[in-house]
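Me: I'd like a close look at the aromatic rings in this one, please. Which rings pair up, where do they sit, and what surrounds them?

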Amino acid sequence: MKYLTPVYVLFLSMVVFAMASRLSAMEFTMVQMDGREVLLSEGPIEIGDAARYRDALQQTPEQPHGARVVLLNSPGGSVDAALQMSAVNADFIVHMVIPDGASCASACASILYISGNYRTTSASGRFGQHSCSRGGVPDPDCNEIMSVHAIEHGVAHGAINAFVTYIAPEDILWFNNTDLDCWNISFYPYSKQSGFERIDPCLFERLHGSKPDGQGAWRVNMMADGYRAFARPISDDNRDFELSLYCNELVPGQLFLDFDILGPVDRVRDALTTGYLRLGLNRQIEVPYSVEQADNGFSKVTLDLPKSMVSEILLSANELGVYFDVASGFQPISSWVSTETSRDALLFVANHCVNRLSAG
């Protein structure tokens with residue numbers, strides 16, 4: 001399916017089955033993730049887990065964005081049990097995360113992950129869907145229950161129903177974080193405050209032949225022990241030309257603006273000659289920058305924003321972006337996004353910098 005790249009249809013691995021056989025129910029453990037105390041929920045989902053989950057969630061501290069963070073690593077299990085855990089989430093504000101190296105499949109994905117107020121997935125996390133079954137036979141009624149549950153949590157009916165209907169119970173359709181953004185299954189903090197509209201770029205592309213442009217709404221995601229605000233001008237699911245704003249307690253009073261561009265670091269570094277902070281069509285300020293290799297084939301360009309510009313960037317600038325002069329043979333590079341609806345998101349990340357623990 002060209003609209004889910006990369007997506008793989010696989011049999012459940014022997015490792016997952018081995019984990020399921022060792023654990024008779026989901027296990028809940030408080031762990032540290034990038035300086036945060038979060039709840040790790042792993043193993044198969046069974047009847048009786050909801051009560052233990054509630055107890056564990058009550059002991060999980062809220063993070064600054066107002067949510068308790070739950071890490072998911074589960075092959076799925078009982079649909080009824082997953083629905084009971086979803087009902088527990090209704091009494092809290094919960095941020096569901098599939099961390100790097102983890103998988104959340106079946107009822108974990110189609111019910112538990114989706115029940116979170118916020119839903120994000122790390123670069124190598126995997127979200128897997130397939131059909132409900134009774135005795136190995138697909139169960140349409142169960143599939144519809146999961147699809148209705150999705151609608152109740154802001155996910156399009158088709159983003160669940162289309163996949164659980166056509167993927168056999170013995171198979172798994174795996175999504176990565178880009179796929180989840182494309183089908184509008186993920187949901188980031190400060191989306192509502194910034195006026196981010198729930199548009200499914202993948203569905204839109206199927207109906208109209210191309211994806212809609214990215215929205216001028218900055219969302220927030222966790223970053224180390226702080227946060228970053230990010231915006232995607234090309235498309236809501238396209239990380240190329242993504243802009244990220246954050247601060248660092250080790251460099252007090254300064255903001256940093258990251259610019260992601262697809263390509264190897266050596267080629268990107270050779271192409272760029274001068275970097276500018278863009279605050280409007282005719283307002284560009286030269287700033288120092290550095291380039292490093294990121295993940296998934298992207299390079300990250302980090303611009304050190306002048307301390308004297310911080311107040312303007314956060315409170316009055318209506319546009320924020322970058323512009324780069326380039327070497328001969330390359331086209332100038334620019335990326336910018338409106339900030340008019342996103343003051344709350346920008347101010348939040350400016351007050352919750354990375355390196356909080358080491359600075360304190």
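Reply: Here's a walk through the ring pairs, followed by the charges over rings, the cores and a few loops.

Keep in mind that this is a predicted model. There are 13 aromatic pairs in the structure. Take Tyr113 and Phe127: their ring centres are 5.4 Å apart and the planes meet at 65°, which is over 60 and therefore makes the pair edge-to-face. The two come from distant parts of the chain, 14 residues apart: Tyr113 is in the loop between α4 (107–112) and β7 (118–121), while Phe127 belongs to strand β8 (residues 126–129). Tyr113 and Phe127 are both buried. This pair also belongs to a wider group, since ring pairs join Tyr113 and Phe127 with Phe163, Phe175 and Trp183 in a cluster.

Tyr289 and Phe324 make another edge-to-face pair, because their planes are at 85°, with the ring centres 5.7 Å apart. Here it's two strands that supply the rings: Tyr289 is in β18 (residues 289–293) and Phe324 is in β20 (residues 319–326), so the pair ties together parts 35 residues apart in sequence. Burial is where these two partners part ways. Phe324 has a relative accessible area of 0%, so it's buried. Tyr289 comes out at 26% relative accessibility, so it counts as partly exposed.

Some rings have a charge for company. The charged end of Arg36 sits over the ring of Tyr227, 4.9 Å from the ring's centre. Arg278 does something similar with Trp336, lying over its face at 3.5 Å from the ring centre.

Arg36 also takes us to a hairpin, as strand β3 covers residues 36–42. β3 runs antiparallel to β2 (residues 27–33), and 7 bridges join the two strands. One aromatic residue has its place in that pairing: Phe28 has Ser41 in β3 as its bridge partner. Between β2 and β3 there are 2 residues, and Asp34 in the turn has a positive phi of about 50°. Asp34 isn't a glycine, and its phi is positive all the same.

Tyr190 is another non-glycine residue with a positive phi, near 70°. You'll find Tyr190 in the loop between α7 (177–182) and α8 (201–208). With a relative accessible area of 15%, Tyr190 is buried.

Now for the nonpolar packing. The largest nonpolar core has 47 residues, and Trp218 is among those with the most contacts inside it, together with Leu245, Leu255, Leu257 and Ile313. Helix α11 (residues 343–350) gives this core its largest share, 5 residues. For a view from inside, try Leu255: beyond its neighbours up to four places away in sequence, Leu255 touches Leu245, Tyr246, Cys247, Leu303, Asp304, Leu305, Val310, Ile313, Leu314 and Ala350. A second, separate core has 46 residues, including Ala107, Ile111, Cys182 and Ile185.

One last stop, away from the rings, is Asp100. Asp100 sits in the loop between β5 (94–98) and β6 (103–105). Leaving out residues up to four places away in sequence, Asp100 touches Ser122, Ala123, Ser124 and Gly125. Among these, Ser124 gets a polar contact: the Asp100 side chain reaches the backbone nitrogen of Ser124 at 2.8 Å.

Conventions: Residues are numbered from 1 along each chain as its sequence is written. This is a predicted model: local features need pLDDT of at least 70, side-chain atom pairs count only at pLDDT 80 or more; totals for chains, interfaces and linings use all residues. Side-chain values use heavy atoms; hydrogens and water are left out. A nonpolar core is a set of buried Ala, Val, Leu, Ile, Met, Phe, Trp, Tyr and Cys residues joined through side-chain atoms within 4.5 Å. Buried means under 20% relative accessible area, exposed over 50%, partly exposed in between (1.4 Å probe, protein chains only). Helices (H or I, at least four residues) and strands (E, at least two) are DSSP runs, numbered from the N terminus. Contact means heavy atoms within 4.5 Å. Two strands pair if DSSP finds at least two bridges between them. A polar contact is a pair of N or O atoms within 3.5 Å; within protein, one must be able to donate a hydrogen and the other to accept it, and residues adjacent in sequence count only if both atoms are side-chain atoms. Rings of Phe, Tyr and Trp (its six-membered ring) pair if their centres lie within 6.5 Å; planes under 30 degrees apart count as stacked, over 60 as edge-to-face and the rest as tilted. A charge sits over a ring if NZ of Lys or CZ of Arg is within 6 Å of the ring centre and within 35 degrees of the ring normal.
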